[in-house]
Amino acid sequence: MDKSDFKFDRVSKRIIQELQKNARISNRDLAEKVNLSPSACLKRTKKLEEQGYIRHYTVELDLNRVCTSVMAMAQLAIGDNRGRAAEVNIEAAIRKLPQAVECFKTSGEYHYLVHFICRDLEEYNEISNRLLEQDLGISKITSNFVLSTPKPFQSYPLGELEWLNDMDERSS
């Protein structure tokens, strides 16, 4: 099955939904859940990976059991007249920080929302001061510290979203 033979369909969607629930599911169990033979299921899963539908697999840690940490959500504003150059510089600086675990470019008063996980408040303070001192175009950082996580990320709400490349989904 080469790239031109691959069709994203209901079976592909079901594979992705099952892998979101349990990325460590055995191929045999996955095949059973999506009504494919194990070899066809493995071939389909590999194709989803090769085509970029599945980007990677990850482990969700219970950070409180592993280490001490401070989680911050930082909103970054770009100064007036800084434009695209500031965006490029900010994004490059954020990518270099291992403590920045996610970064979203946003609309509104703030241009970026960055999710930081740091050793302690002092480390977060050092990072935010460095970002301001680097002349990246950041005019303001507003920080919110996470006190608890009543609903951690578990999966994308795929059943609630409109799927591309799968127009007959409404009939199922």
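This is a short talk on the sheet, the aromatic pairs, the salt bridges and one surface patch of the structure above.

Before anything else, please keep in mind that this is a predicted model.

I will start with the sheet. Strands of a sheet pair through backbone hydrogen bonds, either parallel or antiparallel. Here we have an open sheet of four strands, and the pairing is antiparallel. If you trace across it, the strands come in the order 2-3-1-4. Which strands are at the edges? They are strand 2, residues 100-105, and strand 4, residues 138-145, and each of them pairs on one side only. From one strand to the next, the twist averages 20°.

Inside that sheet, look at strand 1, residues 70-78, and strand 3, residues 112-118. The two run antiparallel and are joined by seven bridges. To pick out a position you can find on the screen, A72 has F116 in strand 3 as its bridge partner.

F116 takes us to the aromatics. F116 belongs to one aromatic cluster together with Y124 and F145. For the whole structure, the count of aromatic pairs is four. I will describe two pairs, F8 with Y53 and F153 with Y156. A pair of aromatic rings is described by the distance of the centres and the angle of the planes.

The F8 and Y53 pair is stacked, at 4.7 Å centre to centre and with 25° between the planes. Why does this pair tie together separate parts of the chain? Because F8 sits in the segment before helix 1 (10-21), while Y53 sits in the loop between helix 3 and helix 4, and the two parts are 45 residues apart in sequence. As for exposure, F8 has a relative accessible area of 6%, so F8 is buried. Y53 is at 37%, so Y53 is partly exposed.

For F153 and Y156, the ring centres are 5.1 Å apart and the planes are at 70°, so this pair is edge-to-face. F153 and Y156 are both exposed.

Next, the salt bridges. Side chains of opposite charge can pair when their charged atoms come close. How many salt bridges does a search of the whole structure find? There are eight. I will go through three of them, starting with E18 and K21, then K47 and E50, then K105 and E87.

E18 and K21 meet at 3.4 Å, N to O. Both residues are in helix 1, three residues apart, which is about one turn of the helix. Is E18 buried or exposed? E18 has 15% relative accessibility, so it counts as buried, the cut-off being under 20%. K21, at 64%, is exposed.

K47 and E50 meet at 3.3 Å, N to O. These two lie in helix 3, also three residues apart, or about one turn of the helix. K47 counts as buried because its relative accessibility is 9%. E50 counts as exposed because its value is 57%.

The third is K105 with E87, at 2.9 Å from N to O. This one links distant parts of the chain, with K105 in strand 2 and E87 in helix 5 (residues 83-95), 18 residues apart. K105 has a relative accessible area of 51%, so K105 is exposed. E87 is at 16% relative accessibility, so E87 counts as buried. There is also a network here, in which salt bridges link R84, E87 and K105.

Two items remain, the nonpolar patch and one long-range approach. The patch is on the surface and is formed by V59, L61 and V66, with about 320 Å² of accessible area together. V59 is in the loop between helix 3 (38-50) and helix 4 (63-66). With 65% relative accessibility, V59 counts as exposed, because the cut-off for that is over 50%.

Then E122, which is in helix 6, residues 121-133. E122 has 55% relative accessibility, so E122 counts as exposed. What separates the C-alpha atoms of E122 and V70? The distance is 9.8 Å, and the two residues are 52 residues apart along the chain.

To recap the links along the chain: F8 and Y53 tie together parts 45 residues apart, and K105 and E87 link strand 2 to helix 5. That is all I have.

Key: Residues are numbered from 1 along each chain as its sequence is written. This is a predicted model: local features need pLDDT of at least 70, side-chain atom pairs count only at pLDDT 80 or more; totals for chains, interfaces and linings use all residues. Side-chain values use heavy atoms; hydrogens and water are left out. Patches are made of residues with over 30% relative accessible area and no salt bridge: like charges are joined within 9 Å, nonpolar side chains (Val, Leu, Ile, Met, Phe, Trp, Tyr) within 5 Å. Accessible areas come from the Shrake-Rupley method with a 1.4 Å probe; for residues, only the protein chains shown count as cover. A salt bridge is a side-chain nitrogen of Lys or Arg within 4 Å of a carboxyl oxygen of Asp or Glu. Buried means under 20% relative accessible area, exposed over 50%, partly exposed in between (1.4 Å probe, protein chains only). Rings of Phe, Tyr and Trp (its six-membered ring) pair if their centres lie within 6.5 Å; planes under 30 degrees apart count as stacked, over 60 as edge-to-face and the rest as tilted. Two strands pair if DSSP finds at least two bridges between them. Axes are lines fitted to C-alpha atoms, for helices over the stretch in contact, and angles run from 0 to 180 degrees between N-to-C directions.
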